[in-house]
Amino acid sequence: MSFREKSAWIMSIALLLGGMVYFSTVVSMWFESRQVASPAIPLLVAYVLVICVLAVLGHIIAASFTPKDAHAAVDERERQIFNRAGHTASFVSGAGVAMSLGVYLFSQSGDLLFHTVFASLMLGQLADYFLQIRFYRTSI
Amino acid sequence: MPPKTPIVNRVRELREQHGAMTQAQLGEAIGVTRQTVIAIEQNRYSPSLESAFRIARLFGVGLEDVFSWDD
């Protein structure tokens, strides 16, 4: 497995765990107050911290096993993989944002709009990493 | 089983004929990673024209001696 495929795995796991921290808190706040929680800076800071810590630690560990791979420049196949994965993932983000706007039209809730757009961007990024992993393992 | 490209190649065979060159050495010589050389050898990736020429020139053969269309 190449370093960049490992990197995609690390970022997927970090994003999933960060998303779990964020959305489990939002959902538990909804159960408590029966209202969509307002976006809160501490929660966003926690989300960013979880992702940064896991990403940095994961990459340090991965790079320690294959230091040469970690320093290698991106080659032509990897560029194609990133371009294709990013292209398809952009549709996931776009569709999510469009749906979020639709939900807003009916709910008129800015808080809900924030969370759904946030989730869409997160899903788009996850799709990007999952597609990278898929393309690394199949033909491109 | 991952889908394959319609272009087949003799990269592994030529690499082995040239003093058992490793995949990493070939990758370094043509400017791609070892994983990309593996993908080329397994017909999971068709290299760019530039890389294809680099491979052919490295082994001292023509492009069609390395790559061919799989009918």
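The legends below describe close-up views of a predicted model with chains A and B.

**Figure 1. Overall build of chain A.** Chain A holds five helices and zero strands, and its elements run in the order α-α-α-α-α along the sequence. Along the principal axes, the C-alpha atoms occupy a box of roughly 50 × 30 × 20 Å. Chain A has 140 residues, and 36% of them count as buried. Its accessible surface is about 7,900 Å², with 73% of that area belonging to carbon and sulfur atoms. Of the contacts between residues at least 6 apart in sequence, 84% link residues at least 24 apart. Chain A carries 9 positive and 8 negative charges, and the mean positions of the two sets lie 6 Å apart.

**Figure 2. Helix 1 of chain A and the residue that follows it.** Helix 1 of chain A has 31 residues, which at 1.5 Å a residue should span 45 Å. The C-alpha atoms at its ends are 45 Å apart, so the expected and computed spans agree. Just after helix 1 comes A:Arg34, with a positive phi of about 55°. A:Arg34 is not a glycine, despite this positive phi. The residue sits in the loop between helix 1 and helix 2 (41-65) of chain A. A:Arg34 counts as exposed because its relative accessible area is 55%, over the 50% cut-off.

**Figure 3. A buried glycine in helix 1 of chain A.** A:Gly19 lies in helix 1 of chain A. Its relative accessibility is 8%, and A:Gly19 therefore counts as buried. Apart from neighbours within four places in sequence, A:Gly19 is in contact with A:Ser24, A:Tyr47 and A:Met122. A:Ser139 stands 120 residues from A:Gly19 along the chain, and the C-alpha atoms of the two are separated by 30 Å.

**Figure 4. Helix 4 of chain A, its ends and its span.** Helix 4 covers residues 76-107 of chain A. Its 32 residues should span 46 Å at 1.5 Å a residue, and the end C-alpha atoms are 46 Å apart, which agrees. At the start of the helix, a side-chain oxygen of A:Asp75 comes to within 3.2 Å of the backbone nitrogen of A:Arg77. Just after the helix, A:Gln108 adopts a positive phi of about 55°.

**Figure 5. The buried residues of helix 4 of chain A and their partners.** Which residues of helix 4 of chain A are buried? They are A:Glu76, A:Arg77, A:Glu78, A:Ile81, A:Ala85, A:Ala89, A:Ser93, A:Gly96 and A:Ser100. Within chain A, these buried residues pack against helix 1 (3-33) and helix 5 (110-137). They also pack against helix 3 (34-41) and helix 4 (49-59) of chain B.

**Figure 6. B:Val32 and its contacts with both chains.** B:Val32 belongs to the loop between helix 2 and helix 3 of chain B. With a relative accessible area of 10%, B:Val32 is buried. On chain A, the residue touches A:Asp75 and A:Glu76. A:Asp75 is the residue whose side-chain oxygen approaches the backbone nitrogen of A:Arg77 at the start of helix 4, and A:Glu76 is one of the buried residues of that helix. On chain B, B:Val32 touches B:Gly27, B:Val37 and B:Ser51, leaving out residues up to four places away in sequence. B:Pro47 is 15 residues from B:Val32 along the chain, with a C-alpha separation of 9.7 Å.

**Figure 7. B:Gln23 and its polar contact.** B:Gln23 is part of helix 2 (residues 23-30) of chain B. The residue counts as buried because its relative accessibility is 16%, under the 20% cut-off. Its side chain makes a polar contact of 3.0 Å with the side chain of B:Glu41. Not counting residues up to four places away in sequence, B:Gln23 touches B:Arg12, B:Arg15, B:Arg34, B:Val37, B:Ile38 and B:Glu41. B:Val37 is also among the residues touched by B:Val32.

**Figure 8. The loop before helix 2 of chain B.** B:Ala20 is located in the loop between helix 1 (11-17) and helix 2 of chain B. Its phi is near 50°, a positive value in a residue other than glycine. B:Ala20 is exposed, with a relative accessible area of 54%.

Terms used
Residues numbered from 1 in each chain as written. Chains lettered and ligands numbered in written order. Predicted model: local features only at pLDDT ≥ 70, side-chain atom pairs only at ≥ 80, totals over all residues. Heavy atoms only, no water. Helix = DSSP H or I, 4+ residues; strand = E, 2+ residues; numbered from the N terminus. Buried < 20%, exposed > 50% of the residue type's maximum accessible area, 1.4 Å probe, protein only. Contact = heavy atoms within 4.5 Å. Areas by Shrake-Rupley, 256 points an atom, 1.4 Å probe, with all protein chains shown as cover. Lys, Arg positive; Asp, Glu negative; His and termini not counted. Charge placed at Lys NZ, Arg CZ, Asp CG, Glu CD. Expected span 1.5 Å × (residues − 1). Polar contact = N/O pair within 3.5 Å; in protein donor to acceptor, adjacent residues only side chain to side chain.
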